[in-house]
Amino acid sequence: MQLDHSFTVPAGPDDAWKLFLDLGRVAPCMPGAVLDTLDGDSFTGRVKVKVGAVQMSYRGEGTVSRDGAARSMHLDLSGSETRGSGTASATVTATLAADPLGTRVRVRTDLDITGRPAQFGRGIMTEVGDRIVQQFATRLEELLRDSAGSASVTATTGAAPSAHLSPEPEAVDLGAAVLPVLLRKAAVPTAAVLVTVVVIQLLRRRSRR
């Protein structure tokens, strides 16, 4: 499944790119995610999501490659449920470009997922992705504003806190994104049923006359 998203951050491309190089600072901006280790271009982490009362936790790993000239970074991610048989893998490409409002970030995700989330169709996954990206962009914007007072944003590739010190990720609630899509999908068949009932009632009244 291929998903495309974009958002704008209030910083010039050079400053935004320097921040994106620092996974240790950017990763906490992703809702529901915690970075456990970071060793050069390799990292491990955890993600927790919930839909209503159902929670799903994933543990995974990834690698990142960068193209400074194109201001583009590519991530290969894979993970599995900590309590279940579901798996998830994705390749994510983020490209930064100058924008009148700062920097436009375009993200393309090729996602392959199994288990409980696989029951959701593309429409729901796109809606979920939109909500997560919006939250990520908001947090990233706050981080950039906090960094505005510094002379520059220094990129680092040191290790993240060890796994036993990393906090448990706060589950990102997907219910707010899933429910409206499910309701929209249900609206058409529900309306069809209502129309059918009305027509039958009208026909019955005419036959009685």
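Where is Arg71 found? Let's start there, and then walk through the rest of the protein together. Arg71 is found in the loop between β4, residues 54-67, and β5. Its phi is near 50°, a positive value in a residue other than glycine. As for cover, Arg71 is partly exposed, with a relative accessible area of 25%. Please keep in mind that what you see on the screen is a predicted model.

Now let's step back to the whole chain. There are four helices and eight strands in this protein. If you read from the N terminus on, the elements run β-α-α-β-β-β-β-β-β-α-β-α. The protein has 209 residues, and 34% of them count as buried. It exposes about 12,100 Å², and carbon and sulfur atoms supply 56% of that area. Here is a number about how the chain comes together: among contacts between residues at least 6 apart in sequence, 61% join residues at least 24 apart.

So who sits in the middle of the nonpolar part? The largest nonpolar core has 31 residues, and the members that touch the most other members are Phe7, Val9, Phe20, Phe43, Met73, Val105 and Leu140. Many elements feed this core: β1, α1 (13-20), α2 (23-26), β2 (33-39), β5 (72-81), β6 (87-99), β7 (102-113) and α3 each supply at least two residues. The largest share, seven residues, comes from α3.

Let's zoom in on Val105 from that list. Leaving aside residues up to four places away in sequence, Val105 touches His5, Ser6, Phe7, Val9, Phe20, Thr95 and Leu96.

Next, the aromatic rings. A pair of aromatic rings is described by the distance of the centres and the angle of the planes. This structure holds one aromatic pair. Phe7 and Phe136 form it in an edge-to-face arrangement, with 5.8 Å from centre to centre and 85° between the planes. Why does this pair tie together parts that lie apart in sequence? Phe7 lies in strand β1, residues 2-9, and Phe136 lies in helix α3, so the pair links parts that are 129 residues apart in sequence. Both Phe7 and Phe136 are buried.

Phe136 also has a neighbour in helix α2, and that is Val26. Besides Phe136, Val26 touches Leu19, Phe20 and Leu140, again not counting residues up to four places away in sequence. The C-alpha atoms of Val26 and Phe136 are separated by 9.1 Å, although the two are 110 residues apart along the chain. Is Val26 buried or exposed? It counts as buried, because its relative accessibility is 7% and the cut-off for buried is under 20%.

Back to strand β1, where we also find His5. At 11% relative accessibility, His5 counts as buried. Its side chain joins that of Asp130 through a polar contact of 2.9 Å. With residues up to four places away in sequence left out, His5 touches Val105, Arg106, Val107, Thr126, Gly129, Asp130 and Val133.

Let's stay with helix α3, residues 122-147, and look at Arg139, which is found there. Unlike the buried residues we just met, Arg139 counts as partly exposed, at 35% relative accessibility. Which residues does Arg139 touch, not counting residues up to four places away in sequence? They are Pro28, Cys29, Met30 and Pro31. The C-alpha atoms of Arg139 and Pro31 are separated by 8.9 Å, and these residues are 108 apart along the chain.

Now for a hairpin. Strand β2 and strand β3, residues 42-51, pair in the antiparallel sense over six bridges. Within this pairing, Val34 stands opposite Arg46 in β3. Two residues lie between the strands of the hairpin, and Gly40 takes a positive phi near 65°. β2 is mostly covered, with five of its seven residues buried.

One last stop, in strand β5, is Glu81. How much relative accessibility does Glu81 have? The value is 8%, so Glu81 counts as buried. Setting aside residues up to four places away in sequence, Glu81 touches Met56, Ser57, Tyr58, Gly86 and Arg116.

That's the tour. If you take one picture home, let it be the edge-to-face pair of Phe7 and Phe136, with α3 giving the largest share of the core. Thanks for listening!

Conventions: Residues numbered from 1 in each chain as written. Predicted model: local features only at pLDDT ≥ 70, side-chain atom pairs only at ≥ 80, totals over all residues. Heavy atoms only, no water. Buried < 20%, exposed > 50% of the residue type's maximum accessible area, 1.4 Å probe, protein only. Contact = heavy atoms within 4.5 Å. Phe/Tyr/Trp six-rings, centres within 6.5 Å; stacked < 30°, edge-to-face > 60°. Core = buried A, V, L, I, M, F, W, Y, C linked by side-chain atoms within 4.5 Å. Pairing = 2+ DSSP bridges. Areas by Shrake-Rupley, 256 points an atom, 1.4 Å probe, with all protein chains shown as cover. Polar contact = N/O pair within 3.5 Å; in protein donor to acceptor, adjacent residues only side chain to side chain.
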